[in-house]
Amino acid sequence: MTLESHRPFIEDLYRELHAHPELSHREHRTAGRMAELLREAGFEVHEHVGGTGVVGVLRRGTGPTVLVRADMDGLPVVEAEQVPYRSTQTDEWEGQTVGVMHACGHDTHMATLQGALRILVEQDDWSGTLVAVLQPAEETIDGAKGMQDDLRRILPDGIDVALGQHVMPGAAGTVSLAAGPVMAASDHLIVTVHGRGGHGSQPEATVDPIVLAASIVVRLQTVVSRTVAPFEQAVVTVGTFHAGTKQNIIPESARFEINIRTFDEGVRARVIAAIERIVQGECEASGAPRPATIERGSTAPLTDNDPQATALVAAAFDEAFGAQHLELRPLLGSEDFSDLPATWGAPYVYWMYGGFDPQLVAEATERGTLAASVPSNHSPTFIPVMQPTLDTATTAMVAAARAFLAR
Ligand SMILES: [Zn+2]
Ligand SMILES: [Zn+2]
């Protein structure tokens, strides 16, 4: 069986990538290795695509163009000492020296994508075009968008489908897939409310922006409970709050940041409108000298699996994984994978695979302690068990690609 002959390559590559993580937009070593391996496998290689991105194209006769993607960046996290191939890398991040770790498992995505490509290259029963995208900067949600102009140039005729996958805190050996929205859209608002500063002993001479901003934060908690239907989903979180310099000074302004997660464009628009209404309404109620300033920060697109394409992948997963093929429950995390197929408006399928000891996951699920017992993505202990995680992801990518390539 072909997977067995490629397993040592995939495992070695995984250990190597895990020990050499790089931060978003700085994936220079990683990109170089990815390009080298694509060249070895016979792909036409494009480097520096939208920065540090790499694209490999393999044309084999007529048939659909299938884009397969892995993301390349690590995170500013100091890795816990658990495995011999742990990362001891450091880098500068916002003026500080930080540890760097593949704490989101993108190393498993890359190693298994390279393995899957080698297996596909060996198989002679398909035709079409295989496009491998090694994407930078998923964690900053701007890597895929940054590749769009170059991708349009490299592939002017577009693609038929894009495929992507992510490791998650589930049982190794399982894959999880669903049609429709599977990961949330994310929006980031930066709000500054303007008051009138003064002495802490004379509140009557001021408009206190702290009290104003605090009432906004409290009232924002009603957005989800009062404007989103019980069968719809949304999250509104105020993640930062800054105001003032000294206890006896009422400051001029207060600033806070809001993160919003939604699964539907209508809900997204409604939630943002409710937030803006509450912010400006509270400013008026407080007698603020002018309306609040609301800036848009980073946004992440919705990941919304195409139903027809997903049905083809689901059939392939049934055949490859049987009962280990599970239904994916939509996740409130966000991804920028869909910005790649959005380059041409093409359909896409995105799924998850588990990376942790199945017995541990089963016992934790039974006890209802999964979130506490299995490390979450981005944690310093998010180190998937090597097998069957790598075999599963490799098999999934091969099976999904073959579901579209001509036979
Ligand atoms: Zn991540
Ligand atoms: Zn990730």
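This passage walks through a predicted model, starting with its two zinc ions and moving on to the sheet and the helices around it.

The metal site is a good place to begin. The zinc ion (ligand 2) is held by three residues, Cys-104 through SG, His-106 through NE2 and His-166 through NE2, at 2.1 to 2.4 Å. Along the chain these donors follow the spacing C-x1-H-x59-H. Cys-104 sits in the loop between β5 (96-99) and α3 (106-122), while His-166 belongs to strand β7 (residues 161-171), so the pair, 62 residues apart, ties together distant parts of the chain. Both of these residues are tucked away from the surface: Cys-104 counts as buried because its relative accessibility is 6%, and His-166 is buried too, with a relative accessible area of 7%.

Cys-104 does double duty. It bridges the zinc ion (ligand 2) and the zinc ion (ligand 1), and these two ions lie 3.0 Å apart. For the zinc ion (ligand 1), the protein donors are the SG of Cys-104, two OE atoms of Glu-139 and the NE2 of His-378, found 2.0 to 2.6 Å from the ion. What kind of geometry does the site of the zinc ion (ligand 1) have? It comes out as irregular, with angles of 54 to 150 degrees among the 4 donor atoms. For comparison, the ideal angle for four tetrahedral donors is 109.5 degrees. The spacing of the donors for the zinc ion (ligand 1) reads C-x34-E-x238-H. Here again distant parts of the chain are linked: Cys-104 comes from the loop between β5 and α3, and His-378 from the loop between α9 (370-373) and α10 (389-402), 274 residues apart. Unlike the buried Cys-104, His-378 is partly exposed, at a relative accessible area of 38%.

Next comes the sheet. This is an open sheet of 8 strands, in the order β1-β2-β6-β3-β7-β18-β8-β17, with mixed pairing. Its edges are β1 (44-49) and β17 (325-327), each of which pairs on one side only. On average, neighbouring strands are turned by 25 degrees against each other, ignoring direction. Within the sheet, strands β3 (residues 65-71) and β6 (residues 128-135) run parallel and are joined by 7 bridges; Leu-67 stands opposite Val-131 in β6.

Two helices lie against these strands. Helix α3 packs on the sheet and touches β2 (53-60), β3, β6, β7 and β18 (348-356), its direction making about 150 degrees with that of β3. Helix α10 lies across β3, β7, β8 (175-177) and β18, and runs at about 155 degrees to β7. One residue of α3 worth a look is Gln-114. Is Gln-114 buried or exposed? It is buried, with a relative accessible area of 1%. Leaving aside residues up to four places away in sequence, Gln-114 touches Phe-9, Leu-13, Met-34, Leu-37, Leu-38 and Leu-134.

Some of those contacts lead on to helix α2 (residues 28-40), where Met-34, Leu-37 and Leu-38 are among the buried residues, along with Thr-30, Ala-31, Arg-33 and Ala-35. These buried residues pack against α1 (2-19), β1, β2, α3 and β6. The helix has 13 residues and spans 18 Å from its first C-alpha to its last, close to the 18 Å expected at 1.5 Å a residue. Just after α2, Gly-42 takes a positive phi of about 100 degrees.

Definitions and conventions: Residues are numbered from 1 along each chain as its sequence is written. Chains are lettered from A and ligands numbered from 1 in the order in which they are written. This is a predicted model: local features need pLDDT of at least 70, side-chain atom pairs count only at pLDDT 80 or more; totals for chains, interfaces and linings use all residues. Side-chain values use heavy atoms; hydrogens and water are left out. Donors are N, O and S atoms within 2.8 Å of the metal (3.2 Å for Na, K and Ca); water is not among the atoms, so sites may look incomplete. Helices (H or I, at least four residues) and strands (E, at least two) are DSSP runs, numbered from the N terminus. Buried means under 20% relative accessible area, exposed over 50%, partly exposed in between (1.4 Å probe, protein chains only). Four donors count as tetrahedral if all angles lie between 85 and 135 degrees; four count as square planar and six as octahedral if opposite donors are over 155 degrees apart and all others between 65 and 115; anything else is irregular. Contact means heavy atoms within 4.5 Å. Two strands pair if DSSP finds at least two bridges between them. Axes are lines fitted to C-alpha atoms, for helices over the stretch in contact, and angles run from 0 to 180 degrees between N-to-C directions. The expected span of a helix is 1.5 Å times one less than its number of residues.
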